[in-house]
Amino acid sequence: MANDADNGRDLATKANFKDFELEIEYKTVPGGNSGVYLRGRVEVQVLDSYGREELDMSDSGSVYGQYAPLVNASLPPGEWHRFYIRYEGDRLTVKLNDQLVQDNVRVASVTGGALAGGVNAPGPIMLQGDHGKVWYRNPRIRPLGQ
């Protein structure tokens, strides 16, 4: 799937998920910006953060606007990156390219661009596609506790 800034669209699953493990791969162009929305309300940031030394709450692997990534695990633009995400209750763990970037953080509120509803309500997996060229592939989701 590819989207570009001129005609990009968000993509969302038809099914809703509450507690799950998600694996997904992505790549961007230089300066690329996107996000993976969990339950449609909590964005794990996708950004060209390659080479940045000081990370903030908008770098790749951040919980947008809430938690900066623990390390910069970004590869150069144009290379495929891999997220492993585990979201259970209000706890979120994220690995980017096999490096831990969010360690069982508590997510108490939605992030910007969220769909309507509470942070802990089931919702879709949504891929942001309106901020520039981004590719996603190989999404795999496993519901927990079902």
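Is Arg86 buried, partly exposed or exposed? In this predicted model, Arg86 comes out as partly exposed, with a relative accessible area of 27%. Its partner in a salt bridge is Glu21, and the closest N and O atoms of the two sit 2.7 Å apart. That contact links distant parts of the chain, since Arg86 belongs to strand E6 and Glu21 to strand E3, 65 residues apart. Glu21 itself counts as buried, because its relative accessibility is 17% and the cut-off for buried is under 20%.

Glu21 also forms a salt bridge with Arg142, where the closest N and O atoms are 2.8 Å apart. Arg142 lies in strand E10 and Glu21 in strand E3, so this pair ties together parts of the chain that are 121 residues apart in sequence. With 45% relative accessibility, Arg142 counts as partly exposed.

Elsewhere, the side chains of Asp90 and Arg106 meet in a salt bridge at 3.0 Å, N to O. Here Asp90 is in the loop between E6 and strand E7 (91-96), while Arg106 is in strand E8 (residues 99-106), so the parts tied together are 16 residues apart in sequence. Both ends are partly exposed: Asp90 has a relative accessible area of 23%, and Arg106 has one of 46%. Back at Glu21, salt bridges with shared partners join Glu21, Arg86, Glu88 and Arg142 into one network. The count for the model comes to 10 salt bridges.

Turning to the strands, four of them make an open sheet with antiparallel pairing, in the order E2-E9-E4-E5. Strand E2 (11-12) and E5 stand at the edges with a single partner strand each, so one side of each has no neighbour in the sheet. E2 pairs with strand E9 (residues 126-127) in the antiparallel sense over two bridges, and Leu11 stands opposite Leu127 in E9.

Leu127 turns up again in the largest pocket, which holds about 160 Å³ of space. The pocket is lined by 12 residues, and the closest to its centre are Thr13, Ile24, Ile125, Leu127 and Pro139. At least two lining residues come from each of E2, strand E3 (20-28), E9 and strand E10 (134-143). E10 gives the most, with three residues.

On the surface, Leu70, Val71 and Leu100 make a nonpolar patch of about 230 Å². Val71 is found in the loop between strand E5 (42-47) and strand E6 (81-88), and it counts as partly exposed at 33% relative accessibility.

Note on methods:
Residues numbered from 1 in each chain as written. Predicted model: local features only at pLDDT ≥ 70, side-chain atom pairs only at ≥ 80, totals over all residues. Heavy atoms only, no water. Patch = residues over 30% accessible without salt bridge, like charges linked within 9 Å, V, L, I, M, F, W, Y side chains within 5 Å. Areas by Shrake-Rupley, 256 points an atom, 1.4 Å probe, with all protein chains shown as cover. Salt bridge = Lys/Arg side-chain N within 4 Å of Asp/Glu carboxyl O. Helix = DSSP H or I, 4+ residues; strand = E, 2+ residues; numbered from the N terminus. Buried < 20%, exposed > 50% of the residue type's maximum accessible area, 1.4 Å probe, protein only. Pairing = 2+ DSSP bridges. 1 Å grid on protein atoms, 1.4 Å probe; cavity = no way out; pocket = protein on both sides within 12 Å on 5 of 7 lines; lining within 4 Å. Points joined across faces, edges and corners; volume = space filled by probe spheres on them.
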